[in-house]
Amino acid sequence: MINALANHYILPHSGKGITKAMAVDALTKSINLDSSIANVFASVAVTANPDHSAHYFDLDQVDKHGLIEHDVSLSRNDIAFGDNHSFDKSIWEKVMETYGDAAETSFELASKARYGRLMASKKAHKEAGKDFEYGIKEFILSYGESALFLGSLGSPKEGKIPLEYLRVLFQDERVPYKEGWRPSSRPITQSDISHMIFSLIAANEHKAAEAADVGLGTVHAVTSALTSILPSYCTIM
């Protein structure tokens, strides 16, 4: 989304010198993301600048592994395989295969697409003898990112957006305004994000296996952990 907003000149088109205030202003005014969530992402993005005295970030800095960027991106390769920055057509097309002939997303399809990417990433690391990083932080970010695109491009309650919107955002790196998208009529809040994350988890038929993989053991433990961790995690991430 930050790339898209830069491509629209809402943020500096060069992708350089983006301050926290600029990022928050763009995210709140352009996609109606609640200011508290926008502040979290903007604050973390600024810390990606290797010059810790700077009060801005460049787009090519936020691919710093383990900060915001993590393994199991829906559209980028993992850092163990080289380029974790550029759009990867083969990875993205594999994710989109999950949706088949559907015209729009759903919690079930978005969850299935996300989990399929997780399994493909895990397999690739194993076959290459690479360390696979996927714990509770990556678990929250992975589900949270799917929740964000569902909420910002459509209805936080329903989890439905036209597949065309998703393709435009990821493939063209622009906001699908000319395709009919309009910002949410009200801010997308942390409560909305939490609802979508829990809806995505509930729709995952492999949620028990994933819970075990991240060290939480059971689905009940995942629910309990997210209920207690998510609000505070979002303020310190």
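**A short tour, starting from helix 7**

Let's begin with packing. The buried residues of helix 7 pack against helix 1, helix 4 and helix 6. One caution: this is a predicted model. Which residues of helix 7 are buried? They are Leu163, Tyr165, Leu166, Val168, Leu169 and Phe170. Just past the end of helix 7 sits Glu173, with a positive phi of about 55°.

Now the core. The largest nonpolar core has 57 residues. Six of them touch the most other members: Leu33, Tyr99, Phe149, Leu150, Leu166 and Ile193. Which elements give two or more residues to this core? Helices 1 through 8 do. For orientation, helix 1 covers 2-7, helix 2 covers 20-31 and helix 3 covers 35-46. Further along, helix 6 runs 136-153, helix 7 runs 163-172 and helix 8 runs 190-203. Helix 6 gives the largest share of the core, eight residues. As background, nonpolar side chains in soluble globular proteins tend to be buried together.

Take Tyr99 from that list. Setting aside residues up to four places away in sequence, Tyr99 touches Thr105, Leu109, Ala110, Ala113, Phe149, Leu163 and Leu166. Leu163 and Leu166 are among the buried residues of helix 7.

Thr105 deserves its own stop. Find it in the loop between helix 4 (89-97) and helix 5 (107-128). Is Thr105 buried or exposed? Thr105 has a relative accessible area of 1%, so it counts as buried. A polar atom of its side chain lies 2.9 Å from the backbone oxygen of Gly159. With the same sequence neighbours left out, Thr105 touches Tyr99, Leu150, Gly159, Lys160, Ile161, Leu163 and Leu166.

Next, Glu210. Look in helix 9, residues 207-213. Glu210 is buried, because its relative accessible area is 1%. What does its side chain meet? A polar contact of 2.9 Å joins the side chains of Glu210 and Tyr143. Beyond neighbours within four places in sequence, Glu210 is in contact with Arg114, Tyr115, Leu118, Tyr134, Phe139, Tyr143 and Asn204.

On to the pockets. The largest pocket has a volume of about 1,200 Å³. Its lining holds 38 residues, and the closest to its centre are Met1, Ile2, Asn3, Ile68 and Glu145. Helix 1, helix 2, helix 3, helix 6 and helix 7 each give two or more residues to that lining. Which helix gives the largest share of the lining of the largest pocket? Helix 6, with six residues. Helix 6 also gives the largest share of the largest nonpolar core. By class, the lining of the largest pocket has 21 nonpolar, 10 polar and seven charged residues.

The second largest pocket has a volume of about 330 Å³. Of its 22 lining residues, Ala113, Tyr115, Gly116, Arg117 and Ala120 are the closest to its centre. Two of these names have come up already: Ala113 touches Tyr99, and Tyr115 is in contact with Glu210. Helix 4 and helix 5 are the elements that give two or more residues to this lining. Helix 5 supplies the largest share, 10 residues. The lining of the second largest pocket divides into eight nonpolar, eight polar and six charged residues.

To finish, go back to Leu166. Leu166 is buried in helix 7. Leu166 is one of the core residues that touch the most other members. Both Tyr99 and Thr105 touch Leu166.

Methods
Residues are numbered from 1 along each chain as its sequence is written. This is a predicted model: local features need pLDDT of at least 70, side-chain atom pairs count only at pLDDT 80 or more; totals for chains, interfaces and linings use all residues. Side-chain values use heavy atoms; hydrogens and water are left out. Helices (H or I, at least four residues) and strands (E, at least two) are DSSP runs, numbered from the N terminus. Buried means under 20% relative accessible area, exposed over 50%, partly exposed in between (1.4 Å probe, protein chains only). A polar contact is a pair of N or O atoms within 3.5 Å; within protein, one must be able to donate a hydrogen and the other to accept it, and residues adjacent in sequence count only if both atoms are side-chain atoms. Contact means heavy atoms within 4.5 Å. A nonpolar core is a set of buried Ala, Val, Leu, Ile, Met, Phe, Trp, Tyr and Cys residues joined through side-chain atoms within 4.5 Å. On a 1 Å grid over the protein atoms alone, a cavity is a set of points where a 1.4 Å probe fits but cannot get out, and a pocket is an open set with protein on both sides within 12 Å along at least five of seven lines; lining residues have an atom within 4 Å of a point. Grid points are joined across faces, edges and corners, and a volume is the space filled by probe spheres set on the points. Ala, Val, Leu, Ile, Met, Phe, Trp, Tyr, Cys and Pro count as nonpolar, Asp, Glu, Lys and Arg as charged, and the others, Gly among them, as polar.
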